[in-house]
Amino acid sequence: MSKTPTRIYAVKHQSEKGPRLVRATSQAAALRHVAMDEYQIRVASQDDLVIALHDGAEVETASVTTESEPA
């Protein structure tokens, strides 16, 4: 097992009843683990942009967060 300290995080989707328990080194790592089952992420192609903007999508800017957590 890795020497990096881990915690078990309860990651709950808003529409689900119970949380998933994920052992990870940070909240971000736990969320990334769960999100990979739910979402696909890739750089948008020209066609993706044309279709999404035509359908009324707006470009969102991700907020910058720190990974500091209470002990």
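How many of the nine residues of helix α2 (residues 46-54) are buried? The number is zero, so helix α2 lies largely in the open. With that in mind, let us walk through the rest of this chain, remembering that the model is predicted.

**Overall layout**

The protein chain contains two helices and two strands, and along the sequence they follow the pattern β-β-α-α. Of its 71 residues, 11% count as buried. The chain exposes about 6800 Å², and carbon and sulfur atoms supply 55% of that area. As for how the chain meets itself, take the contacts between residues at least 6 apart in sequence: 18% of them join residues at least 24 apart.

**The nonpolar core**

In soluble globular proteins, nonpolar side chains tend to be buried together. Here the largest nonpolar core has seven residues, namely Tyr9, Val11, Val22, Ala24, Ala29, Ala30 and Val34. Strand β1 (7-11), strand β2 and helix α1 each supply at least two residues of this core, and the largest share, three residues, comes from α1.

Val34 is a good place to look inside this group. Leaving aside its neighbours within four places in sequence, Val34 is in contact with Val11, Arg20 and Val22. Val11 and Val22 are themselves among the core residues, while Arg20 takes us on to the charged pairs.

**Salt bridges**

Side chains of opposite charge can pair when their charged atoms come close. The count in this model comes to two salt bridges, set out here with the separation of their closest N and O atoms.

| Acidic residue | Basic residue | Closest N and O atoms |
|---|---|---|
| Asp37 | Arg20 | 2.9 Å |
| Asp48 | Arg42 | 2.5 Å |

The pair of Asp37 and Arg20 links distant parts of the chain: Asp37 sits in helix α1 (residues 27-38) and Arg20 in strand β2 (residues 20-24), 17 residues apart. How open are these two partners? Asp37 has 54% relative accessibility and therefore counts as exposed, whereas Arg20, at 28%, counts as partly exposed.

In the other pair, Asp48 is partly exposed, with a relative accessible area of 25%. Its partner Arg42 is exposed, with a relative accessible area of 57%.

**The loop before helix α1**

Which loop holds Ser26? Ser26 has its place in the loop between β2 and α1. Is Ser26 buried or exposed? Its relative accessibility is 6%, so Ser26 counts as buried; the cut-off for that class is under 20%. The side chain of Ser26 reaches the backbone nitrogen of Ala29 at 3.1 Å, and Ala29 is one of the residues of the nonpolar core.

**Helix α2 and what follows**

Back to the helix we opened with. Helix α2 spans residues 46-54, and none of its nine residues is buried. After α2 comes Gly56, whose phi is positive, near 95°. Val59 is also found in the segment after α2, and at 74% relative accessibility Val59 counts as exposed.

Which residues form a nonpolar patch on the surface? They are Leu49, Leu53 and Val59, with about 310 Å² of accessible area together. An α-helix has 3.6 residues a turn, so residues three or four places apart point the same way. That general rule is a handy one to keep in view when looking at the two leucines of the patch, Leu49 and Leu53.

Key. Residues are numbered from 1 along each chain as its sequence is written. This is a predicted model: local features need pLDDT of at least 70, side-chain atom pairs count only at pLDDT 80 or more; totals for chains, interfaces and linings use all residues. Side-chain values use heavy atoms; hydrogens and water are left out. A salt bridge is a side-chain nitrogen of Lys or Arg within 4 Å of a carboxyl oxygen of Asp or Glu. Helices (H or I, at least four residues) and strands (E, at least two) are DSSP runs, numbered from the N terminus. Buried means under 20% relative accessible area, exposed over 50%, partly exposed in between (1.4 Å probe, protein chains only). A nonpolar core is a set of buried Ala, Val, Leu, Ile, Met, Phe, Trp, Tyr and Cys residues joined through side-chain atoms within 4.5 Å. Contact means heavy atoms within 4.5 Å. Accessible areas come from the Shrake-Rupley method with a 1.4 Å probe; for residues, only the protein chains shown count as cover. A polar contact is a pair of N or O atoms within 3.5 Å; within protein, one must be able to donate a hydrogen and the other to accept it, and residues adjacent in sequence count only if both atoms are side-chain atoms. Patches are made of residues with over 30% relative accessible area and no salt bridge: like charges are joined within 9 Å, nonpolar side chains (Val, Leu, Ile, Met, Phe, Trp, Tyr) within 5 Å.
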